[in-house]
Amino acid sequence: MALTVGDVERFEVARPRLEAIAYRMLGSAAEAEDAVQETFLRWQGADHGRIEVLEAWLTKVLTNLCLNQLTSARARREVYVGQWLPEPLLAGDPMLGPADTVEQRESVSYAVLTLMERLTPNERAVYVLRAAFDYPHREIAGILDITEAASQQIFHRAKQHVAEGRARTEIDEAAARRIVEEFLAAATSGRTEPLVRLLTGDAVSIGDGGGKVPARAKAYEGALAVAKFVRGLFAPGEAKRAAAGGSPGIYATTANGEPAVVAVVDGRVVGVMCLEVTDGGIAALRNQVNPDKLDRATERWTATGDHGKPLFTAFQ
């Protein structure tokens, strides 16, 4: 059926919330946009007279689309080349969604998005709707066609899985920049000791090149191994320049609410490294260099104007 201008406007009001839900569900901005667009098409073809509460109807349709996508994504990730990491979102991206509470901020952190890969599709849906968007269990039960008690049990189980491991530290933007600058100063010092001091003893480093950019298939584990990797990462190298398409400018920023290193060549983001910070130090480095997962980061980087001079230029 044809939509009126009012119908389209009602959907557009809901779009930012739907995109934020879908991103948390899928870990991919591109897939989130596709899921929201498919929700719009379902809305276009629906009998509007039978829809009592539009927000609830749209959320149910979107969630079910995401559940189907997660099921197929699991099969695709079994044959994914190397490590799989979520698509990073740079500071201020509207797809990051609400950030008023600790739970909302944590639910979109790179660390938690990675942990959510352990969850079943239903666990992920319940966790996202409850922790990030504060949906009552009664409404979640209606969205997923389960009982309210089942929703509560699933949320408890999902929360335990996500909370496993270290307690993460909340950091404001100024502190995040200081952490990144200190990290990069240590990384370019030519010595491993300054880096080791910044890392936890069991620190890990994971890279996602998607088979398109060189990235080690196995994570580096332990402070010394991670420090040696990072020390070599920014060192001069013709092969590195060729892979990146030039010598990247290195900037300090935040991505998904965490301290992040952004590498930029001619206005194009070629890498985003998120730092997971705990009370004991930097516990994980997650480095996204798959170009398929950096388009939105590049759009955001370009849209936000002048970023000043880079802290340094790598690979020279």
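This short presentation describes several parts of one protein structure, from its helices to its sheet. Please keep in mind that the structure is a predicted model.

Let me begin with the annotated region. UniProt, in an unreviewed entry, lists residues 15-74 as "domain: RNA polymerase sigma-70 region". In the model, that stretch is 83% helix and 0% strand. Its end C-alpha atoms are 26 Å apart.

I turn next to helix α8, which spans residues 148-163. Two helix contacts of α8 will be described. In general, the angle between the axes and the distance between the axes describe two packed helices.

The partner in one contact is helix α6, residues 121-132. The axes of α6 and α8 are 8 Å apart, and the angle is about 90°. Angles of 65 to 115 degrees count as roughly perpendicular, and α6 is therefore roughly perpendicular to α8. Which residues make the contact? From α6 come N122, E123, V126, Y127, R130 and A131. From α8 come S151, I154, F155, R157, A158, K159, H161 and V162. Taken by type, the residues of this contact are seven nonpolar, three polar and four charged.

The partner in the other contact is helix α7, residues 137-144. Here α7 packs with α8 at about 100°, again with an axis separation of 8 Å. This pair, too, is therefore roughly perpendicular. On the α7 side the contact involves H137, R138, I140 and A141, and on the α8 side E148, S151, Q152 and F155. Those residues divide into three nonpolar, three polar and two charged.

Now to a single residue, T114, which is placed in helix α5, residues 110-115. A polar atom of the T114 side chain lies 2.8 Å from the backbone oxygen of Y110. Leaving aside residues up to four places away in sequence, T114 touches L85, P86 and R286.

Finally, the sheet. In what order do its strands lie? The order is β2-β1-β6-β5-β4-β3-β7, in an open sheet of seven strands with mixed pairing. At the edges are β2, residues 220-221, and β7, residues 312-313, each of which pairs on one side only. Within the sheet, β4 (residues 258-265) and β5 (residues 268-278) run antiparallel and are joined by six bridges. V261, for example, has M273 of β5 as its bridge partner.

A helix also meets this sheet: α13, residues 295-303, lies across β3, β4 and β5. Relative to β5, α13 runs at about 95°.

Note on methods: Residues are numbered from 1 along each chain as its sequence is written. This is a predicted model: local features need pLDDT of at least 70, side-chain atom pairs count only at pLDDT 80 or more; totals for chains, interfaces and linings use all residues. Side-chain values use heavy atoms; hydrogens and water are left out. Axes are lines fitted to C-alpha atoms, for helices over the stretch in contact, and angles run from 0 to 180 degrees between N-to-C directions. Helices (H or I, at least four residues) and strands (E, at least two) are DSSP runs, numbered from the N terminus. Angles under 35 degrees count as roughly parallel, over 145 as roughly antiparallel, 65 to 115 as roughly perpendicular and the rest as oblique. Contact means heavy atoms within 4.5 Å. Ala, Val, Leu, Ile, Met, Phe, Trp, Tyr, Cys and Pro count as nonpolar, Asp, Glu, Lys and Arg as charged, and the others, Gly among them, as polar. UniProt positions are given in the numbering used here, feature names are shortened, and annotations may be inferred rather than shown by experiment. Two strands pair if DSSP finds at least two bridges between them. A polar contact is a pair of N or O atoms within 3.5 Å; within protein, one must be able to donate a hydrogen and the other to accept it, and residues adjacent in sequence count only if both atoms are side-chain atoms.
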